[in-house]
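Please walk through this structure with attention to how its strands are ordered and where its aromatic rings meet. The account below begins with strand pairing and then turns to the rings.

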Amino acid sequence: MKNKIKKNFPRSFFLLRFFYHTLVLKPFLAIRYIYMKYIGREELYYPSIEKYRDTWQEQLKLKRNDSYTNWREEKHTKNQKLNEIRKTLQSKSKEFYSILEIGSYDGYFIKDYFEFKKIICADVFKESGEFIFEHFPNHRDITFVLLNGESLNNIPNDSVDFIFSMDSLTRLPVKVIENYLIDFGKVVRDKGEIFVHVPKFNFNNKLNGHTTLRKARMSSLLQDNFESISFVDDLDLMGTFISAKKINS
């Protein structure tokens, strides 16, 4: 029924959806969030790199012989939005020389940006690099950087053309995400770009334990080093992609 209405009456469908999200869903989630936090006194969530580092390490150990370990291949193979992300990576591999993926995990997206001449994978646990080297041994220049979980200080300045990240800056402390946004301007070369996924600023993400920042705050942290800053909201229901181009120094 939903798809039928959407197909036959698209304007009415999107208008109704807008009013539903504005007048029903958002107020409900706001009330729920306030109740859980201030009345129920529940501990909603406190981001911890250590907590999720242990989880990711165990997942890779258990799936060592698999070609992938996460949800994307199982649930989103036919997802058109995911295909658009892949197309972006494939397009940028023809435009730029090097790529840095933050939160490389099991290297799920490597096959989509494999044509970059230089690939730098980065994560907060060394098992990510071991897994990637084992499953992608044929690329001529692929390296792994162990991140300290606080900043990108161990990545040389002006060393990459393109930064990509998906589902990795979702459960980090706010200060860490702010550090990353600042450090992007240091490690990206002139005319380089970033395409980085972050959660949308809404109560649903807060309730699900995702770290959220307002777009204005993220823009303010990027504006000294980047231009053409935009937020691509339609590629992921709960997240947005920051797209920006490095200013010539």
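Two strands are taken to pair if DSSP finds at least two bridges between them. By that criterion β1 and β4 pair in this predicted model, running in the parallel sense over three bridges. One point of register is given by Leu100, whose bridge partner in β4 is Ile163. The chain as a whole has nine helices and seven strands, and buried residues make up 43% of its 249 residues. Among contacts between residues at least 6 apart in sequence, 64% join residues at least 24 apart.

Strand β4 also pairs with β5, again in the parallel sense and over five bridges, with Phe162 standing opposite Glu193 in β5. Between these two strands the chain passes through helix α7, residues 174–187, and the resulting β-α-β crossover is right-handed. Helix α7 has 14 residues and reaches 20 Å from its first C-alpha to its last, close to the 20 Å expected at 1.5 Å a residue. An α-helix has 3.6 residues a turn, so residues three or four places apart point the same way. The buried residues of α7 include Ile177, Tyr180, Leu181 and Phe184, and Val187 at the end of the helix is buried as well. As for β4 itself, six of its six residues are buried, so the strand is largely enclosed by the rest of the structure.

From β5 the pairing continues to β7, but here the two strands run antiparallel and are joined by seven bridges; Val196 stands opposite Ile242 in β7. Strand β7 is also joined to β6, residues 226–232, by five bridges in an antiparallel arrangement, and one bridge partner relation there is that of Glu227 with Lys245 of β7. Strands β6 and β7 form a hairpin, with six residues between them. Because six of the eight residues of β7 are buried, this strand too is largely enclosed by the rest of the structure.

The aromatic rings can be followed over the same framework. A pair of aromatic rings is described by the distance of the centres and the angle of the planes. A search of the whole structure finds eight aromatic pairs. One of them is formed by Phe96 and Phe162, which are stacked at 6.0 Å centre to centre with 20 degrees between the planes. This pair links distant parts of the chain, since Phe96 lies in the loop between α5 (80–95) and β1 (98–102) whereas Phe162 belongs to strand β4, 66 residues apart. Both Phe96 and Phe162 are buried.

Which planes and centres make Phe195 and Phe241 a stacked pair? Their ring centres are 4.4 Å apart and their planes are at 10 degrees, and planes under 30 degrees apart count as stacked, so the pair is stacked. This pair likewise links distant parts of the chain, with Phe195 in strand β5 and Phe241 in strand β7, 46 residues apart, and both of these residues are buried. Phe195 and Phe241 also belong to a wider grouping, in which ring pairs link them with Tyr108, Phe109 and Phe164 into a cluster. At Tyr108, a member of that cluster, the charged end of Lys111 sits over the ring, 4.1 Å from its centre.

Conventions:
Residues numbered from 1 in each chain as written. Predicted model: local features only at pLDDT ≥ 70, side-chain atom pairs only at ≥ 80, totals over all residues. Heavy atoms only, no water. Phe/Tyr/Trp six-rings, centres within 6.5 Å; stacked < 30°, edge-to-face > 60°. Helix = DSSP H or I, 4+ residues; strand = E, 2+ residues; numbered from the N terminus. Buried < 20%, exposed > 50% of the residue type's maximum accessible area, 1.4 Å probe, protein only. Lys NZ or Arg CZ within 6 Å of the ring centre and 35° of its normal. Right-handed = clockwise from strand over helix to strand, strands pointing away. Expected span 1.5 Å × (residues − 1). Contact = heavy atoms within 4.5 Å.
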